[in-house]
Amino acid sequence: MRRVSFTQSGGFVGVVHSCRIELATLAAEERASLEQLVAASGLEASCECLSESCRDGRIYEIVIEHETSVVRAVFDETSLPVAARPLVSFLKSRATPGLPR
Amino acid sequence: MSCGNARVGGILPRKCFSGIGRQERLSPLLFYGKTPAGGCLVATLPASEKGAFRRVERGSLVKRRSGIEAEGRRPIACIIPPFLLERMAEAGDSAIRRRAVVDLAQATAVHAVRDLVRTMPSLLATPSPSCCRDRLIYDAGGSDNLPGRLVRREGDRRSRDPAVNEAYDHSGATYDFYSEVFGRNSLDDAGMTLISSVHAGEADGEGYQPMNNAFWNGSQMAYGDGDGLVFGRFTQALDVVAHELTHGVQSFTSNLVYRGESGALNEHFADVFGVLVRQWSQAGAAKRGRRKEGTSTKDRKATSRSERSWLIGAELVVPAATRRAVRDMQHPGTAFVNDPLLGTDPQPAHWKDRYRGTADRGGVHINSGIANRAFVLAAEALDDEPWQTAGRIWYDTMLEIPSRASFADAARVTTRIARDDHGAVAAEAVREAWKAVGVKVSAAKRAAGAA
């Protein structure tokens, strides 16, 4: 795994928060922690899972870049799998206003 | 139906299926029914049924779902892809496995209700016992289990909890606005009960924290308490509550598809009626105050142009020099600037500056600023209260605009309704307002709109 990108958008407020984490820049312990969260999330293939009836729910886009493949998963707060919540929580804590740079 | 870990079964009872089509019992958690049109319906039983959990964990749910697919029917397009949840359902960690199975059933049901919501939204409505204003306020207790514990019914005395009273009062004000101004009886125009959950929480993997959001889930409102840093309680602001309830009105009317331009219009209508409910309510309070003082109200407008506020969520944000609201309908893009926690308001004020990316379902909360400004310009150009001529035009548009409408469609329909029902002056005001934000109504399109 090389990079993890995260974008939170939507919600009543509609502001965008995002982060892009290069694993090579992380300390070994932090890198292992992120790899563990990604593995536990079960996000192995691209998917877009958005509720049609929910309005103003927040939307989470997670892009996991491996050496030879990319997984892009999009959920909203009604469809976010329980197993992926710790990963999203971790990424939220690192996100700043705006789209990924 | 509800969001998160909430169950669906209570809103789609088994009896719904009997009048719709054949039903098959699949598992203790899932019920499946075929519709005459070849669609399908799925509802769940309460996830708290422990017996159901055990049976599902032995694999009966997955096997039965596979059985359906083997018959050549595609019962549902899962909201979470089966590969993902089914893999998690086989995880070595029993906690993950159990929650994945629950999510599999719930998310499946949530997604299956999607088409139902579009075509038969009344199935999700809880009818009022009196067929008039009826409110139920629940306390979610800081969790995402909706609706939670019932804490106040219609007519009950005030609670000690301000969030409960705010949800009750503000949903009542919204009901009254639609009833008195447009003659509409609740969201479905048939007396639907207004259900609100306060103190909604969000799970972060380790527990729950106060939800920093408010949403409409297709059948009820949910309000978080905010983080206390940027946002306070979401029930505090009347325009926020009216915004969420207007999403409910739309689900029974235009049901604008929540993506791209039609999604931005969906957000736009929610903002328009959110702000109008607040302005109407404030004007009523001002009039009552003047009567108390013995001053005549005959020759006074309820609000002057300079007094009008077009801000959304001003009471929601924690005051700071870098923020004054969530949105500014009159001056999109200026509600917050260089805020350390929010950044800068991304709303454009003109069509040429519209957001073209994929975030926020194609910018539904971003591009709504363009139409919001058009509404304010039209309302300010007309010589009455915003909820009168302009509000009526926009309300009638919300009822008839197609679900996949574009901004050009909205401009065309509002202009036609203005001309047909309110005269040439109103039509010109509306047309000029759309033109000012870069959305033109061409002569040919006007003719089509008239037809």
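Trainee: Which residues have the most contacts inside the largest nonpolar core?

Mentor: Start with the general idea. In soluble globular proteins, nonpolar side chains tend to be buried together. In this predicted model, the largest nonpolar core has 98 residues. B:Ala374, B:Phe375, B:Ala378 and B:Val430 have the most contacts inside that core.

Trainee: Which helix gives the largest share of this core?

Mentor: Helix α8 of chain B, residues 260-293. Ten core residues come from α8.

Trainee: Why does the core lie between domain 2 and domain 3 of chain B?

Mentor: Look at who contributes. Domain 2 (135-251) and domain 3 (260-450) of chain B both give residues to this core, so it lies between them.

Trainee: What does B:Ala378 touch?

Mentor: Leave out residues up to four places away in sequence. Then B:Ala378 touches B:Ala390, B:Ala429, B:Val430 and B:Ala433.

Trainee: How many residues are in the second core?

Mentor: That separate core has 21 residues. Among them are A:Phe6, A:Leu43, A:Ala84 and A:Leu87.

Trainee: Now the sheet in chain A. What is the strand order?

Mentor: Read across the sheet, not along the sequence. The order is β3-β5-β4-β1-β2-β6, six strands in an open sheet with mixed pairing. The edge strands are β3 (47-49) and β6 (96-97) of chain A, each pairing on one side only.

Trainee: How many bridges join β2 to β6 in chain A?

Mentor: Two, and the strands run antiparallel. A:His17 has A:Pro97 as its bridge partner in β6(A).

Trainee: Which helix packs on the sheet?

Mentor: Helix α2 (residues 85-94) of chain A. Helix α2 touches β1 (3-10), β2 and β4 (58-65) of chain A. Its direction makes about 100° with that of β2(A).

Methods. Residues are numbered from 1 along each chain as its sequence is written. Chains are lettered from A and ligands numbered from 1 in the order in which they are written. This is a predicted model: local features need pLDDT of at least 70, side-chain atom pairs count only at pLDDT 80 or more; totals for chains, interfaces and linings use all residues. Two strands pair if DSSP finds at least two bridges between them. Helices (H or I, at least four residues) and strands (E, at least two) are DSSP runs, numbered from the N terminus. Two residues are in contact if their C-beta atoms, placed from the backbone, lie within 7 Å. Axes are lines fitted to C-alpha atoms, for helices over the stretch in contact, and angles run from 0 to 180 degrees between N-to-C directions. A nonpolar core is a set of buried Ala, Val, Leu, Ile, Met, Phe, Trp, Tyr and Cys residues joined through C-beta atoms within 7 Å. A residue is buried if 20 or more other C-beta atoms lie within 10 Å of its own, exposed if 12 or fewer, and partly exposed in between; C-beta atoms are placed from the backbone. Domain bounds come from an automatic or database domain assignment.
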